[in-house]
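Got your viewer open? Load the model and follow along, one selection at a time.

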Amino acid sequence: MKQINKQSLKNLNIQFIPAKPQMKKVKVWDQDFLYDTNSMALYTQAENEETKLEGVDEVSFFEKSNEPQEKHIVFQATYACNLKCRYCFVENHYCNHTNTLTEDEHYVALKKYQPSGNYRLGWFGGEPLLNWEVIFKVTEKLFKEAKDNGKQLPKCHITSNGVLITEEIANYCAKHNFSWIISLDGPENIHDQNRPYRDGQGSFKETMRGLKYLAEAYKNLNKSNPITLRATFDTVSPDILETTKFLNELMYKGLASHVSVEPSCLGEGCSVGTDKRIEGLKIAEIRALFFPQYQETAKWFLKEVQEGRKPSIHHFQMPLQRIYDRDYAISECGAGMGYISVGPLGKICACHREHKTEMGSMENGIDKIKQAK
Ligand code: SF4
């Protein structure tokens, strides 16, 4: 047996408790691997070679040593939206789509939950740019305060459908080093089918226009592109490979730096309860629906790498990198782990993409038991 990922453990903020290896056999196309789920050590195994556990990594089980701390605040700037995407969780799960977060509510939340030092601040929705005036005012104030007090500038992020991005907004955000997730579901026909305006017209052209303004603004300032293109697919004729290829082509052209293609109906609460096609199915059964397409996409990804390109699909890169670096994470998301979302009416949730994770309110603070769950 030969260990592939030898790099030493990087994350020092954890406690290790030695435990026996939990070896799993993994077949990737024609080759056998052994993977210790405890220590994240990955081994090749020659044909007919017996599995011997001597010599495998003895550092296995781990625990986070500190309490969760609020590090990343996401404001649900508004539940309102100019689109009507068919898998929209806001549309499906929040009854009042017009609620909007005020400027003052931002400051109250920041005062209560803003951690010291390095923190990240995000805006989500609905479509957050419908509340751009407030985002602008909050950013101006926070940057001024940070500069006046010699503090580190906040790192800001917006997740947007892109259609309201103007040159002015793009230039301002590039100047203030915002990062972005722009929702784009693939080529025009796929995108427009998934993400129409309220009158049924497709939004592809305007999303692309906004994306171009953004990419141009960072380029003009000689800043690296901080845009992730995020596609969502559901059970209605998903084409994961075509979508991934399309978004990667845009990335190769300099319009983005990262690509993510994600289902609306697995981990998030988006389509669950609203998509009749998956009603009654278990997660494993829903996953099986997409498995052949993921395999095709993985083959394409590998071919791109072999041909010297640097493709991107977040949910391939992230676990591969994690295994390669043996970089532990108790969870792949930040819910309950330093991430809070503040919505209109002061509702605090563990995640901005899920409607069932309420864990407190600005009035009463965070319920630590709910947060721990
Ligand atoms: S852009 Fe986002 S909030 Fe708006 S309808 Fe689509 S999924 Fe919902």
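Before the first click, a bit of bookkeeping: Ala, Val, Leu, Ile, Met, Phe, Trp, Tyr, Cys and Pro count as nonpolar, Asp, Glu, Lys and Arg as charged, and the others, Gly among them, as polar. Keep in mind too that this is a predicted model.

**Stop 1: the ligand.** Select the ligand and show what surrounds it: Cys81, Leu83, Lys84, Cys85, Cys88, Gly126, Asn161 and Arg195. Colour that shell by class and you get four nonpolar, two polar and two charged residues.

**Stop 2: the sheet.** Switch to cartoon and find the open sheet of 10 strands, where the pairing is mixed. Walking across, the order is S12-S11-S10-S9-S8-S7-S13-S14-S15-S16. The edges are S12 (258–263) and S16 (365–366), each of which pairs on one side only. Helix H6 (residues 204–220) packs on this sheet, touching S10 (179–183) and S11 (227–233). Draw axes through H6 and S10 and their directions make about 160°.

Now pick S7 (residues 72–76) and S8 (residues 120–124), a parallel pair with five bridges. To see one of those pairings, select Gln76, whose bridge partner in S8 is Phe124.

**Stop 3: strand S11.** How many of the residues of S11 are buried? Seven of its seven are. Show the side chains: Ile227, Leu229, Ala231 and Phe233 are buried on one side, and Thr228, Arg230 and Thr232 are buried on the other. That two-sided pattern fits a general rule: in a regular strand the side chains alternate between the two faces of the sheet.

Look at the neighbours next. S10 runs parallel to S11, joined by four bridges, and Ile182 has Leu229 as its bridge partner. S12 also runs parallel to S11, with six bridges between them; here Thr228 stands opposite His258.

**Stop 4: the cores.** Show Phe75, Trp123, Phe178, Trp180, Ile227 and Leu229 as spheres: within the largest nonpolar core, which has 66 residues, these touch the most other members. Helix H6 supplies the largest share of this core, seven residues.

Zoom in on Phe178. Skipping its neighbours within four places in sequence, you'll find Phe178 in contact with Trp123, Ile135, Thr139, Cys156, His157, Ile158, Cys173, Tyr218 and Pro226.

Last selection: a second, separate core of 10 residues, including Val74, Tyr79, Phe89 and Val90.

Notes
Residues are numbered from 1 along each chain as its sequence is written. This is a predicted model: local features need pLDDT of at least 70, side-chain atom pairs count only at pLDDT 80 or more; totals for chains, interfaces and linings use all residues. Side-chain values use heavy atoms; hydrogens and water are left out. Two strands pair if DSSP finds at least two bridges between them. Helices (H or I, at least four residues) and strands (E, at least two) are DSSP runs, numbered from the N terminus. Contact means heavy atoms within 4.5 Å. Axes are lines fitted to C-alpha atoms, for helices over the stretch in contact, and angles run from 0 to 180 degrees between N-to-C directions. A residue is near a molecule or strand if one of its heavy atoms lies within 4 Å of it. A nonpolar core is a set of buried Ala, Val, Leu, Ile, Met, Phe, Trp, Tyr and Cys residues joined through side-chain atoms within 4.5 Å. Buried means under 20% relative accessible area, exposed over 50%, partly exposed in between (1.4 Å probe, protein chains only).
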